[in-house]
Amino acid sequence: MTTIRITTDCALPPTRVLYAAHDFGPQRIQVWPAVRAEHLSVHHLGGTTADVTEGTPVGIGINWERCHYDRSQSGRVKATVTDSNVYAHPGSSWQLTATPS
């Protein structure tokens with residue numbers, strides 16, 4: 001499986017950066033403008049996990065993915081794709097790590 005790594009710096013504290021990845025409240029569509037409220041379904045929210053479907057309109061269709069989010073490890077949020085009409089391989093994932101600079 002292909003791995004792509006992107007590194008960047010920002011002035012925000014790590015907790016705020018990570019919060020943006022696992023906050024599924026009304027502000028999610030402002031933080032992640034490609035996600036539309038009408039295509040956001042939170043199936044389950046746990047203490048450190050979530051099961052969420054998010055969709056983005058493209059052309060005449062909608063790209064969507066359902067992910068299992070895990071934030072049980074300090075400094076990291078990982079999303080594992082469990083279903084999608086975009087990704088060819090179930091189990092694709094992305095993770096966001098944040099550390100103070």
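The following questions and replies explain the terms used for a predicted model.

Me: What should I know about this model before reading any values?

Reply: The model is predicted, so local features need pLDDT of at least 70 and side-chain atom pairs count only at pLDDT 80 or more, while totals for chains, interfaces and linings use all residues. Residues are numbered from 1 along each chain as its sequence is written, and side-chain values use heavy atoms, with hydrogens and water left out.

Me: Why are E1 and E2 called paired strands?

Reply: Strands (E, at least two residues) and helices (H or I, at least four) are DSSP runs numbered from the N terminus, and two strands pair if DSSP finds at least two bridges between them. E1 and strand E2 (residues 49–58) are joined antiparallel over five bridges, so they satisfy that rule. One bridge links histidine 44 with its partner in E2, aspartate 51.

Me: What makes E1 and E5 the edge strands of the sheet?

Reply: Five strands form an open, antiparallel sheet in the order E1-E2-E3-E4-E5, and strand E1 (40–45) and strand E5 (93–97) each pair on one side only. Neighbouring strands of this sheet are turned by 20 degrees against each other on average, direction ignored; axes here are lines fitted to C-alpha atoms, for helices over the stretch in contact, and angles run from 0 to 180 degrees between N-to-C directions.

Me: How do you know that helix H1 packs on the sheet?

Reply: Contact means heavy atoms within 4.5 Å, and H1 (residues 14–22) touches strand E3 (61–70), strand E4 (76–84) and E5. The direction of H1 makes about 155 degrees with that of E5.

Me: Which strands form hairpins, and what is found in the turns?

Reply: E2 and E3, which are joined by ten bridges, form a hairpin with two residues between them, and glycine 59 in the turn has a positive phi of about 55 degrees. E3 and E4, joined by six bridges, form a hairpin with five residues between them, where glycine 75 has a positive phi of about 80 degrees.

Me: Why is the pair of phenylalanine 24 and tyrosine 69 called edge-to-face?

Reply: Rings of Phe, Tyr and Trp (its six-membered ring) pair if their centres lie within 6.5 Å, and planes under 30 degrees apart count as stacked, over 60 as edge-to-face and the rest as tilted. The rings of phenylalanine 24 and tyrosine 69 are 4.8 Å apart centre to centre, with 70 degrees between the planes, so the pair meets both conditions. Tyrosine 69 and tryptophan 94 also form an edge-to-face pair, at 5.9 Å and 75 degrees. Tyrosine 69 lies in strand E3 and tryptophan 94 in strand E5, so their pair ties together parts that are 25 residues apart in sequence.

Me: Why is tyrosine 69 described with a different word from tryptophan 94: which is buried and which is partly exposed?

Reply: Buried means under 20% relative accessible area, exposed over 50%, and partly exposed in between (1.4 Å probe, protein chains only). Tyrosine 69 has 2%, so it is buried, whereas tryptophan 94 has 30%, so it is partly exposed.
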